[in-house]
Each structure stands twice: as C-alpha cells, then as structure tokens.
Protein chains: 2
Amino acid sequence: MDLATPRARGARSEDVRRGNLGALLRHVHVHGPTSRSRLTSELALNRSTIGDLTGELVGAGLVREEPGGPSNRLAAGGTGTGGRPSYVVLPETERVQALAIDIGVTHLSVARVGLGGQVLARRDIDHRRTTRRMRDEVRTIGKVARELLGELAPNAFCTGAGAAVPGMVRARDGMVRQVPNLGWTDVPLGQVLAEELGLPVTVGNDADLGVLAEHVRGAAVDCDDVVYLAGHSGIGAGVFTSGRPLVGNDGYAGEVGHLVVNPGGIECHCGSRGCWETEAGEERLFELAGRPAGGGLAAVREVVAAVGDGDAAAAAAIRHVATWLGTGTAGVVNVFNPEVVILGGALAEIYAAAAPTVQAAVEEAALRPPREHVRLVPPAFGLDSSLVGAAELAFAPLLSDPLLEMSRLTAS
Amino acid sequence: MDLATPRARGARSEDVRRGNLGALLRHVHVHGPTSRSRLTSELALNRSTIGDLTGELVGAGLVREEPGGPSNRLAAGGTGTGGRPSYVVLPETERVQALAIDIGVTHLSVARVGLGGQVLARRDIDHRRTTRRMRDEVRTIGKVARELLGELAPNAFCTGAGAAVPGMVRARDGMVRQVPNLGWTDVPLGQVLAEELGLPVTVGNDADLGVLAEHVRGAAVDCDDVVYLAGHSGIGAGVFTSGRPLVGNDGYAGEVGHLVVNPGGIECHCGSRGCWETEAGEERLFELAGRPAGGGLAAVREVVAAVGDGDAAAAAAIRHVATWLGTGTAGVVNVFNPEVVILGGALAEIYAAAAPTVQAAVEEAALRPPREHVRLVPPAFGLDSSLVGAAELAFAPLLSDPLLEMSRLTAS
C-alpha cells in the first residue's frame, strides 16, 4: 500500500491554507483596503474561501472589515455600479506595527510603521561622518525605540524590527560583514539589536531594502527589472531581476560602487583604486568644490545651491560627479538591462542638478539595445526607501505565515 | 453556485500531468539512465504515477526502459542490494535529436545532439575574423545541417534547432539586435534560419547558452550563482543568480565587456572608450604581442606558446591581458557575488598561462566578503559550452510539454 499520496495531500492542504492566509494579508498590506470581490479575483480563490480566510485574519486581529460604502468601493477598485454590497478588508494599521531602522553614515532613522506600510511615528538623528561603535549605535537605537514603542495603544503590538545598513550583510545569519564608512567589520548587529529590543530583528543592506520598498510600493511597482542606486558616502545597488531580488551566493551582490572605473585613480577605503564611488561619491564632490569632507546630504545640497550663485568650483564639481554618475550608470545598464534605474540619496540631487550631463554619459557608454527603454527616476520615497524597505523586512515573517507568527506573539 | 473551483481543479490536474511528464523527461535528459525507484523519490511521485508517465513517454518514443541489471543499477544510483528489480528509464538518444548551432566570430559549429545531451555528429568551419553576411551564414548552416540530418536513422527525428550568437538577442522575439564583431544589426536570424531549415529555431546569446550548459551538466551543476565569461573577440557574461538565468528587461543583461574600465582608453567598436574587452580581449593581446589582428583562438595559443620560448613581447602581452582579466573579474565578483566564475573561450587559455597574475588582480579589486568563496574555473565543455547550451534551447519545448511537441511533430 502506498501511503505517500494521502499524507502528502494532507500536508499540502494545510500549506495551501497558510499560503492563502499570507497572500490575503500581503495583498491588503501592499494594496490597502480591498473589497472581498476584488480579493476573490486577485487571489483566484472562490468567495467562501475568501470569507473564511478573512474571518481567520479578523479573529487574529490582523485585518478588519467594513461595509463597502461608495468611497471605500472606489478605493477598493470597485465599479460603483449596483449588485451585492461587498465588504472591504483593511489592514489593522494602528494595531499591527513594526520597527524600521535605517543606519546611515550621517544619519540614523527609527520609525514605527503600521501594517499597510505607513510611517506612523519616527525619530531622526544626524551624525557627523565618522566611525561609530556598533554597541553605542545599538544603545541609541534602543533608547529611541523604547520611546516609540511606549506610544503604542494598549491593544497594539510590534511584530519585529528590520534594520538597513550601508554595507554587506551575510544572508545566512544576518552577520554584518563590512560597513567601511562606519568602520564595522564582522559585527553581529542583528543579534545585539534583538537583545536590546527584545524583538526579532532582521538586518539587510540599505540598497537591497531600498529597491524592495520601491518595487513593492514605490517608483518600480510592476517593474520586474529594477536597479536602485543608494548614493550616500558610497554607492551600492539593490537589484530586482525578473521580479526577484538579486542576492548572490552569500548575500553580497550589488557592490557596484567598487567597480574599477579609473585605474590608478584615487585610493578607495576598500583597498583598491579608482572605484566608481571614489569618482561619483559625495566626498569627491566636496573635495572638488573645495568644501570640508563628511558633510552628508545637506552639504551636497549646498554645493548644488552654490552653482546657482555662480560658484565655478561647485559647477565643475557637479559636472565631474554627474559625468561619472552617468558612466557608472551606463555600466549598470549594460550589466542588468533594467527597465528603471532609481537614483537614491545624494544621486537624486546630482541628477536633478545636472540631468543632461548624466544622460550624455549614459548615451556614450551604454550599448544601444539596453538603453533604448531604460528610465532614470528619483525614488518615490525620497530619502526613506531603505527605511520603508526595513519595515517590509520586519513584516515578512508575519506575511509569510500570519497564524504562526500570531501564536508566537501570544505565547511570548 | 460557484463553478470556479471544479473547473480550475480539472485544468490543474491536466497541467500537473503535463508538468510531470516534462519533469520525468527532463530528469533522464539531464541525469541519464535512472531507475524507476529513484525517479519516484526524485520527483516525489508515487510508483504507479511514475509507471504511467514512463508508459506514456515510451509510447511517444521519447524514452525506453530496460530491466535494471547490476551495472545499470549502479549507473542509476541504486544501492545494489536485493528487493524488487527496478526498471531503468533511458532517454532515446539516437531517436530524439536536436540541431545545435554556434555562430562565432572565427568559427561556425553545427552539431546533431541526442536527447540526453550527447553530441552525436558535428561539423566545424573556421572563419577569418571579418564581417559575414547573415544570409550567407544561414546558407552555410543550411548546407551543413542537411548533411547532418541526412545521416539520421529512419525512425529518428529532429525536434528543432538552437543557435548561439555572440551578441544581443531580444528575448521577446529572438531578433538579433547587435553582433558588432560580425557587423550585424537588427537581423531576424531565427526566422531566416527556420525557413532555411524547416525547423523551429530558437536563438540565444552565446554567454547565456554557455552558462546554461555549464549549470545544467557542466562545471556549475548544483551552483545557484554562476557567471560564465565568454571570451573570444569580445567578452560577454551569462549569469545564473539564485538558480535562475539573468535576463534583463529585454534579454540583453550581462554585457560586462562594455563596462568602462579605462576611461580615455582605446576606442571600442561599441562607440565608447576603454571598455573591458578593449583591454582584456584577444585583439589587445595580439596588438601587444606584435601579431596580426583577427587570429582567433589559434593565435592566442601561439602567443601563450611563445612565452615559453622566451618571447618578451608575448610575455608582456599575456601579463597585460591577465591583469585586466583579473580586474574585470573582480568587478563581476563585486556585482554578482557568484560561487563560480567560469572562464570560457580564450579566457581559459589566459588563465591557464597566468593564473597568479589574474588572481592577484582579483584580490586587489574585489571586496573581501564576495571573494572569500569564489572559484575561478575553466568550462567543463571546453570550447563547446555555447554549442551544448544551444542544444538545451532546442530541446526546451519538448521538455516543457513532451506530448504537445510530439503531436506537433506527428502532424507535420
């Protein structure tokens, strides 16, 4: 007798239910209030299944239902014409929250984000560009996080935390391998943060989280091939290809900032010379514009403003960095053939100030076929792409298996 | 009444059967003779289903069965211990064939490949490096293909043809957009070849097909993150990331040869300057070694041999090209974080002649985390990776839906 099939089928039906619960929750998390009838068609499930799944998620306190009034019906993508009234399913934004943390070289942002992706409260701290000890940073984050979580309503909870770092993170265990601009090497940030916060913590590379946010709900929705360039002190890429994130063997893919573009050029902190970020990064801009190092985004904006005031050194500095931004972007276009390149951080400022220079360099160095359809755009989330992506990371376990996560939360 | 579920289920069970037939056929195509008991565990299906599927494929003439004798049992991965005798399922290699075509800058290879991936017969033609008209090339291929197909046994058939080209191919329709080294722009190669051969033809980029072959049955089996560098006159990359091919928005991803590595350097045929292939490609080697242009792989081997004879110019030329090969490979390592980089074509010769020089340049320009575990290896298929990959392309429709393909073949 062959028992394999019935057993496999039993397991499969339980998996299917968990998968469907996650799919429904993810749908309202990403798309907002959605009518039951629309969920039926979007998830390709029948009406009674959608009703059962919604009931379970309502019972778990993750979504709520409201009768689909005219305004809700429009928001939910309904036609507004007669027929049966349909309930609208909404994420419990205030009740279900996550902590998003963006550790930058010259900033630290910590936010409470609701299910559905809204930033509900945040704290931002400016840093001078200098090395910072990981454990000091964690203590700062802990202090700020406790403030933010103290504001939670009594029936609300925080499902976990996601943190973005401007460096390489090992996919297997979240070990932060290198954050050159902060002086961090092989630091167990996730583990130390989890102890500090008493929450599950997932750590990701800032550019990887930037492209995640822009792909899920930003400038690259419905684009399967996207590159997000995180340009602060360095330049890193987060990539979606054929609709899936580029990860690499250990999680380090996308280090485009260290492509050698100018051999024998300026020494890079990575030990090589002439890396892309040594020519197109902020520090090169400051040096050519005759300004002090480490000024961060505010100083980039000052250089851009100075061009308008007739500052020739500032103009030359912008031209230099914009040309190199274009040359490097051409390389990104040749390598990934993306539909969209999102210029994040300081790169958005450079592009806004000198788009024709950037475009001319792309034209010159990119092959014709991959550049025919590519669009260069600023991020939909401005400077917050990585922060919003960190929240997505924090919500991921809940969205993947809502009931398992809920039972973990009730047990703790 | 909700009819959606039963109808969807009905469609799904037919899809499942087609998917299972394809999966079984693909398994013996990739892994060779396999016992029924092993297929049962590998495909996670029960014994009677495997029996039914095998019966259908035997009936269609795509596989045959043999009793699992001791030697077959070993080949099939069996334990050799007692129990029921298990049948071994083999691909009908002689009966089911495809045509593989590799169009190179200095060569043309056409082969008959059997189901299971063996090259059964082939013709190779050397070309001088010069532009060739696409329609002349197609006529040559047609002549050679008719010779090869004339040798087929009466009960054998050719399921289709796959062709590799050293240029950019639009994924949507197979249009060959640019093959700079042959002087081709926007040529409908697949369509013209299909008319010439009277067979379905699929066209792919040579590096994309190289990595496909090495991933399926070569130097990168079980590696999810692989870069194959096709180094002939130019340099192109075929990439697998997280176990799936890197395609890009239109199919052009992987043009690493046109990353600018030496700004203001040598003019490239692409219109830019200082592209990687202008420094690490064959022509640069010939120029520095004081040899005529366009010699292809044979001339690369002559330069390598001349180093052994004390030719200082040859030694300097190899050093130059090997250093640039390492610098560019470091970029590939930084961008893709691959487990394996396969150095194809002339690059394998350069690496064999000057591995320490290549490795030193990789060490210098690659970041530590992504280079910790990366391996640089020659291709398992030598110069035939793209040819073997072209056969995989030709077999793909049959493997995806064996019975549909068989009914198409019987109808025609």
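Okay, one cut-off before anything else: buried means under 20% relative accessible area, exposed means over 50%, and partly exposed is whatever falls in between. Keep in mind, too, that this is a predicted model.

So, where does that put B:Arg319? This residue comes out at 49% relative accessibility, so we call B:Arg319 partly exposed. It belongs to helix α11 of chain B. If you go 34 residues along the chain you get to B:Ala353, and the C-alpha atoms of B:Arg319 and B:Ala353 are 9.4 Å apart.

Now the interface. On the chain B side, 50 residues are in contact with 50 residues of chain A. People often quote interface size as the accessible area lost when the parts come together. Here, chain A and chain B bury about 4200 Å² between them, and 53% of that is on carbon and sulfur atoms.

What about specific pairs? There are 4 salt bridges between chain B and chain A. One to pull up on your screen joins the side chains of B:Arg177 and A:Glu372, with N to O at 2.6 Å. Polar contacts across the interface come to 16 residue pairs, both partners at pLDDT 80 or more.

Which elements of chain B supply that surface? At least two residues each come from strands β9 (176-179) and β10 (184-187), and likewise from helices α11 (312-336), α12 (346-365) and α13 (368-371). The largest share, 6 residues, is from α11(B), the helix that holds B:Arg319. Sorted by class, the side of chain B that touches chain A has 19 nonpolar, 19 polar and 12 charged residues.

Let me move to helix α6 of chain B, residues 189-197. Its buried residues are B:Leu189, B:Gly190, B:Val192, B:Leu193 and B:Leu197. They span an arc of only 165° around the axis, so they sit on the same side of α6(B). Turn to the other side of α6(B) and you find B:Gln191 and B:Glu195 exposed. And what covers the buried residues? The cover includes α5 (134-150), plus strands β4 (96-103), β7 (157-165), β9, β10 and β11 (201-205), all of chain B. Right after α6(B) comes B:Gly198, with a positive phi near 65°.

Last stop, chain A. In helix α15, residues 402-411, the buried ones are A:Pro402, A:Glu405, A:Met406 and A:Leu409. Their arc around the axis is only 100°, which means they lie on the same side of α15(A). Note that A:Glu405 is in that buried set.

Okay, over to you.

Terms used:
Residues are numbered from 1 along each chain as its sequence is written. Chains are lettered from A and ligands numbered from 1 in the order in which they are written. This is a predicted model: local features need pLDDT of at least 70, side-chain atom pairs count only at pLDDT 80 or more; totals for chains, interfaces and linings use all residues. Side-chain values use heavy atoms; hydrogens and water are left out. Contact means heavy atoms within 4.5 Å. Buried area is the accessible area (1.4 Å probe) that two parts lose on being put together, summed over both. A polar contact is a pair of N or O atoms within 3.5 Å; within protein, one must be able to donate a hydrogen and the other to accept it, and residues adjacent in sequence count only if both atoms are side-chain atoms. Helices (H or I, at least four residues) and strands (E, at least two) are DSSP runs, numbered from the N terminus. Ala, Val, Leu, Ile, Met, Phe, Trp, Tyr, Cys and Pro count as nonpolar, Asp, Glu, Lys and Arg as charged, and the others, Gly among them, as polar. Buried means under 20% relative accessible area, exposed over 50%, partly exposed in between (1.4 Å probe, protein chains only). The arc is that of the directions from the helix axis to the C-beta atoms.
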